[in-house]
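Colleague: Please take one part of this model and walk me through it closely. I would like to see how it sits among its neighbours and in the whole chain.

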Amino acid sequence: MLRLCLLAAQALRLAGAALLSPGSCAFEDSACGYEWDYAHLPWALHGEGHYISVDTSYEGEKAVLSSPELYSEEWSCIRLIYQIATTSETSPDPARLNLYLRQEGESFDRLLWSAKEPSDSWLIASLDLTNSTKKYKIVLEGEMGQDKSASIAVFEIKITPGYCIECDFEENHLCGFVNRWNPNVNWFVGGGNIRNSQSILPKDHTLNSELGHYMYVDSVYVKHFQEVAQLISPKTTTPMSGCLSFYYQLKQESSIVFTVYLRDTSGFYEEIWKTESALSADWVLAEVDFNAPYPMEVIFEVAFNSAKGGYVALDDISFSPVYCSNQTGTPFNPAQAGCNFEEDLCSFYQDHKDGPGWSRVKVKRNVYRAGDHTTGFGYYLLANTKFTSQPGYIGRLYGPTLPGNLQFCLRFYYALYGFFKMSGTLAVYIFEENHVVQEKIWSVLDSPKGVWTQAEISFKKPMPCKVVFVSWCKSFWDCGLVALDDISLSLGSCQAADLSLPNPGECTFEKDECVFTQKKRGRGSWHRRRGPTPTSYTGPKGDHTTGVGYYMYIEASNMVYGQRAYLVSRSLRGTSGKQCLTFFYHMYGAGTGLLSVYLKKEGDEEEIPLWRRTGEQSISWLRGLIEYESDRNYQIIFEAIRGVSMRSDTAIDDILFQAGPCLEVEEIQFSSGYPDSLNEIEY
């Protein structure tokens, strides 16, 4: 019997290497058009062992391997068979293998997958690629870390049309499906003239032959009541929905329960199918509607009650983006349940019985009152205003109806302005569709006054429901202002989203300085910081990303008038067409100097000025937008110049590079000062 948990290198070698699809390679006698970057460590091709590897015998940080140019208008599945070997299991910076997607017209590679777990045998990773009209390359990056003796090997890369959860079990890697080990009952490979079970095994379904392969589990070694065997699919890596189908045979002498589940990253099981017949003498087609808006595994589970239970065989798992049933209507779009309040209330509303509790307001740039979170000069919601701040007052903001039985992550930003503690002045409730309160899922405790702070809540309800934001004015002294902005909803838990791979071209400075370096480090350079800056009446109180995270700034008290600090990106890939750079900047303080952004193209001596602000701008984080073009490799440079006094701290945060033109364009790229409209709120 072939146990799935013991994958040997010889067992993984695929027949028909000559028929490999574009981008696939078994590394038998060549690299199949894959090229390594000579600026980094070299990859070594081992023709006898059929793999390619890199190790620490050379000095260097990483090795890069890129595929030939590829193109596919259909979904495809990348299967990567690899091994990471190290001598230290607890290295603070272990060896790591990364897989990137390099798309045409993009300056940044998108990280699709990363692994750092060492192993004594080959492992398999499965990654879905959505259909696209853009040409692309697959880029493998081996990072050697700090281990003095580490190696990374790639046995095979295979790119096939279709989805990674599909499998006919004809190839020895079994499409990445794995058996959850049980001492008594397990899934095994059947067919191929294997005669090793007391059950009567059928021909496979794919080839209708004894030589074909399938998966099976039997009851021969069952010793306990309800012995369970599980066959687990690769985890979906891209949202998908449609029809999951498979063929099965079931022979039952005593009770067998054959069930199919979905399991999310938090371990929650959802039953989607269960066998209805007690006996199937031939292969039976099963179809079930399948919805995986966030990463999930499909689990085929068989439970036996005795050693004479019988067997279940499984073959030809496939997927179609069209639902099995005649479902109509579009899938739920979580983006429709969010709002930045720039145009209106979106899908949110207030009950007229409650009165106008939440007001949509706008604050012009000034040095006393913070503006909105979206841009610093746009709209947000304000409760307990001069119109409604009366003891006992309650204001409710109702969200749209959300479908039941889905995991959601709710994120929003709030800011408090008041005299004393403001705990309980803002809360989030789940209401049923008929406006009946179900439960309170969040309430504010205490937070920095006047700082936009991010809150995130994971929840899942069996029935349709609504999210309701409630502002409560308990008494005169507790009745401060409550502000709300940038509500967003995504599928999956917030914890899973936090562990997800970063967006290419995005830098929030939460972990490090990302793609940026400094010309010169010292007291007069850019510093990464969280919380307020040391000097009063200048600098931000918190970052823009969460309110409690990190940003980059210059500390004016360590600099002299006119001193410059440079934050320089690494060399970015040039592309044809327009690019959009978004960032947030903070220029508050009576002595504030200059903040400029430059473009430096490869081969040019001169830097091209793209954007500049001079002098004090606002007490808020303000959004900057820059549209630029460069068909050559280039760098983006942020230059801050210290102003006339210590109150000259300048900060930046949340930098984002995007392909294509900006959806909005700033009217003024070079300006100084702020408008003469201090502390003015527009209702």
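Modeller: Start at Leu140 in strand 9, which is the bridge partner of Leu99. Keep in mind that this is a predicted model. Leu99 belongs to the pairing between strand 6 (residues 96-103) and strand 9. These two strands run antiparallel, and 8 bridges join them.

Now look across to strand 4 (residues 62-66). It is also antiparallel to strand 9, with 5 bridges. Here Leu65 stands opposite Leu140. Leu140 thus has two partners to find: Leu99 and Leu65. Another pair to find is Lys62, which faces Glu143 of strand 9.

Step back to the sheet. Strands of a sheet pair through backbone hydrogen bonds, in a parallel or an antiparallel way. This sheet is open, has 5 strands and pairs in the antiparallel sense. Read its order as 1-4-9-6-7. Strand 9 is listed between strand 4 and strand 6. The edges are strand 1 (35-36) and strand 7 (110-115), and each of these pairs on one side only.

Is strand 9 mostly covered or mostly open? It is mostly covered. Strand 9 spans residues 136-143, and 6 of its 8 residues are buried. In soluble globular proteins, nonpolar side chains tend to be buried together.

Next, the cores. The largest nonpolar core has 71 residues. Those that touch the most other members are Trp187, Phe246, Phe258, Phe300, Leu410, Phe412 and Phe469. Strand 24 (residues 406-417) gives the most to this core: 6 residues. A second core is separate from it and has 33 residues. Leu140 and Leu65 are both in this second core, along with Trp43 and Ile157. So the facing pair Leu65 and Leu140 also shares a core, by the rule that core members are buried nonpolar residues joined through side-chain atoms within 4.5 Å.

For contrast, visit Phe469 in the largest core. Leaving out residues up to four places away in sequence, its contacts include Phe348, Trp358, Leu410, Phe412 and Ile487. Gly395 and Arg396 are also among them.

Finally, place all this in the whole chain. The chain has 2 helices and 42 strands. Buried residues make up 51% of its 683 residues. Take contacts between residues at least 6 apart in sequence: 80% of them join residues at least 24 apart. The chain exposes about 31400 Å², and carbon and sulfur atoms supply 50% of that area.

Technical notes
Residues are numbered from 1 along each chain as its sequence is written. This is a predicted model: local features need pLDDT of at least 70, side-chain atom pairs count only at pLDDT 80 or more; totals for chains, interfaces and linings use all residues. Side-chain values use heavy atoms; hydrogens and water are left out. Buried means under 20% relative accessible area, exposed over 50%, partly exposed in between (1.4 Å probe, protein chains only). Helices (H or I, at least four residues) and strands (E, at least two) are DSSP runs, numbered from the N terminus. Two strands pair if DSSP finds at least two bridges between them. Contact means heavy atoms within 4.5 Å. Accessible areas come from the Shrake-Rupley method with a 1.4 Å probe; for residues, only the protein chains shown count as cover.
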